[in-house]
Every structure is written in structure tokens, then in C-alpha cells.
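Please open the model in the viewer and keep the selection panel at hand. The tour proceeds by selection, and each stop states what is to be found there.

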Amino acid sequence: MEARCFADINLGGEKRNMTYIGKLTAEPLLQQRTFTAIDGSAQVYNYRTIRMNCGIDHFTGEMTGELAVKWPHQQQLDNVALWAADVTLHTKEFQTMNGEQRTVTVVRVTRLEPLA
């Protein structure tokens with residue numbers, strides 16, 4: 001995977017995997033949200049919101065599922081300046097309630113490790 005800032009990326013509608021190196025700007029606490037699945041059962045969605053920056057470039061992404069629950073680096077947050085995040089980027093189009101067509105970039109964090 002290549003490592004560079006998001007400002008250099010043009011997705012062109014494709015998924016893109018990359019490694020992002022930067023500083024965490026908020027503590028990625030484990031959070032849970034309960035939702036009702038299609039079959040009517042209650043499910044729990046586990047996630048961590050990851051906020052990083054690299055100079056003026058920044059992103060907010062999510063680490064989800066078992067990866068978020070079992071992330072082993074919570075105790076190292078105060079001792080590490082730089083982090084490496086493997087991310088998957090893709091665009092998602094939707095229509096607002098006002099009928100406007102919008103596109104957002106979804107950032108999924110698949111690995112977040114300290115750089116020693």
C-alpha cells in the first residue's frame with residue numbers, strides 16, 4: 001500500500017486502499033450502537049471513530065466490528081506521536097430529503113498501529 005495524504009487521492013468511483021501516517025487528534029474510544037436487524041433481532045454495532053491529521057490534511061474514519069473491540073493499542077495513546085492507519089476509501093452517492101444528489105467519501109480503518 002502507498003502512504004500519502006488524502007489530498008493527493010482521486011477516487012474516480014473506485015475503492016482505494018492506502019496507508020495514512022499521521023497523528024491522532026482524538027482518543028479512539030470503543031463505542032456501541034444498538035440497531036434492529038432486518039429479521040427484527042436486536043444487534044450491536046461496535047466501532048471506534050478515528051480522527052487523524054497529517055499537516056493540513058485530516059480525516060475521520062471508522063474501525064468496526066471485532067477489530068474495534070479487540071484493538072490492542074489503547075494503553076499506548078499517550079506515548080506515541082505518529083500512527084499508521086491502513087484505510088479503505090470509497091464514495092457513496094445518496095439523495096437528500098430536499099432531492100439534492102450528494103456524494104460522500106467513506107473511510108474504513110482496517111489497521112491502526114503505533115510507529116515506534
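With which residue does Glu-113 form a salt bridge? Select Glu-113 together with Arg-111: the two form a salt bridge whose closest N and O atoms are 3.1 Å apart. A salt bridge here is a side-chain nitrogen of Lys or Arg within 4 Å of a carboxyl oxygen of Asp or Glu.

Before continuing, note that this is a predicted model, in which local features need pLDDT of at least 70 and side-chain atom pairs count only at pLDDT 80 or more, while totals for chains, interfaces and linings use all residues. Residues are numbered from 1 along each chain as its sequence is written, and side-chain values use heavy atoms, with hydrogens and water left out.

**Stop 1: the charged network**

Add Asp-86 to the selection. Arg-111 forms a salt bridge with Asp-86 as well, the closest N and O atoms being 2.8 Å apart. This pair links distant parts of the chain, since Arg-111 lies in strand β6 (residues 101–114) and Asp-86 in strand β5 (residues 83–95), 25 residues apart. Strands (E, at least two residues) are DSSP runs, numbered from the N terminus, as are helices (H or I, at least four residues).

Colour the three residues by accessibility. Glu-113 is partly exposed, with a relative accessible area of 34%, and Arg-111 is also partly exposed, at 27%. Asp-86, at 13%, counts as buried. The classes are buried under 20% relative accessible area, exposed over 50% and partly exposed in between, with a 1.4 Å probe and protein chains only. Salt bridges that share partners join Asp-86, Arg-111 and Glu-113 into one network. In general, side chains of opposite charge can pair when their charged atoms come close.

**Stop 2: the surroundings of Asp-86**

Keep Asp-86 and select Thr-19, which is placed in strand β1. Thr-19 counts as buried at 11% relative accessibility. A polar contact of 2.7 Å joins the side chains of Thr-19 and Asp-86. A polar contact is a pair of N or O atoms within 3.5 Å; within protein, one must be able to donate a hydrogen and the other to accept it, and residues adjacent in sequence count only if both atoms are side-chain atoms. The side chains of Asp-86 and Arg-111 are likewise joined by a polar contact, of 2.8 Å. Then select Arg-108: from C-alpha to C-alpha, Asp-86 and Arg-108 are 8.5 Å apart in space and 22 residues apart in sequence.

**Stop 3: the β5 and β6 hairpin**

Show β5 and β6 as a cartoon. The two strands pair in the antiparallel sense over 13 bridges; two strands pair if DSSP finds at least two bridges between them. Ala-85 has Leu-112 in β6 as its bridge partner. Five residues separate the strands of this hairpin, and Gly-99 in the turn has a positive phi of about 90°.

**Stop 4: the strands around β3**

Select β3 (residues 42–54) and β1 (residues 16–24), which pair in the antiparallel sense over two bridges. Leu-24 has Met-52 in β3 as its bridge partner. Next, add β2 (residues 30–36), whose antiparallel pairing with β3 runs over seven bridges. Here Gln-31 is partnered with Tyr-47 of β3. In the hairpin of β2 and β3, with five residues between the strands, Gly-40 takes a positive phi near 95°.

Now add β4 (residues 57–64), which pairs with β3 in the antiparallel sense over eight bridges. Met-52 stands opposite Phe-59 in β4. The hairpin of β3 and β4 has two residues between the strands, and Gly-55 takes a positive phi near 70°.

**Stop 5: the nonpolar core**

Where do nonpolar side chains gather? The largest nonpolar core has 18 residues; among those with the most contacts inside it are Met-52, Phe-59, Trp-83 and Leu-112. Such a core is a set of buried Ala, Val, Leu, Ile, Met, Phe, Trp, Tyr and Cys residues joined through side-chain atoms within 4.5 Å. Two or more residues come from each of β1, β3, β4, β5 and β6, and β5 provides the largest share, four residues. In soluble globular proteins, nonpolar side chains tend to be buried together.

**Stop 6: a final salt bridge**

Finally, select Lys-70 and Glu-66. They form a salt bridge, with the closest N and O atoms 3.5 Å apart, and Lys-70 is exposed at a relative accessible area of 60%. By the stated rule, the count comes to five salt bridges.
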